[in-house]
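Student: Could you take me through one part of this protein slowly? I would like a close look at its largest pocket.

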Amino acid sequence: MDVSTVAALYGIFSRQIRHGRGHKAAGVHNRIHWGVLKYVATYLRTMRPRVLAKIEQFAAERASVVVLSSRRQTRRWLQQATADFH
């Protein structure tokens, strides 16, 4: 998934609203803190170029890379991918 910062922040807050906060299961924590918000807010500028470079370095020659930029696009791709297995 390669979504905008606004979409990523929306996802964080909507998950918080849907699932509440706190410890859910073994190792699963659902809480928003400054570190998470800072990471998401700066991801496109700091981490995305590094991730794309790693994909180019390793995955591009060995695998098909699918870049999905919205939840709708992801749902459509998953429906198509699972239909190919049936």
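To get my bearings, how many helices and strands are there in the chain?

Tutor: Happy to help! This is a predicted model, where local features need pLDDT of at least 70 and side-chain atom pairs count only at pLDDT 80 or more, while totals for chains, interfaces and linings use all residues. Residues are numbered from 1 along each chain as its sequence is written, and side-chain values use heavy atoms, with hydrogens and water left out.

The chain has three helices and two strands, in the order α-β-β-α-α along the sequence. Helices (H or I, at least four residues) and strands (E, at least two) are DSSP runs, numbered from the N terminus.

Now for the pocket. Rolling a probe the size of a water molecule over the atoms shows where empty space is left. On a 1 Å grid over the protein atoms alone, a pocket is an open set of points where a 1.4 Å probe fits, with protein on both sides within 12 Å along at least five of seven lines. The largest pocket holds about 370 Å³ of space, a volume filled by probe spheres set on the points, which are joined across faces, edges and corners. It is lined by 17 residues, and Met1, Val3, Ser4, Ala7 and Ala8 are the closest to its centre; a lining residue has an atom within 4 Å of a point.

Helix H1 (5-19) and helix H2 (34-59) each supply at least two lining residues, and H1 gives the most, with six. By type, the lining of the largest pocket has 10 nonpolar residues (Ala, Val, Leu, Ile, Met, Phe, Trp, Tyr, Cys and Pro), two charged (Asp, Glu, Lys and Arg) and five polar (the others, Gly among them).
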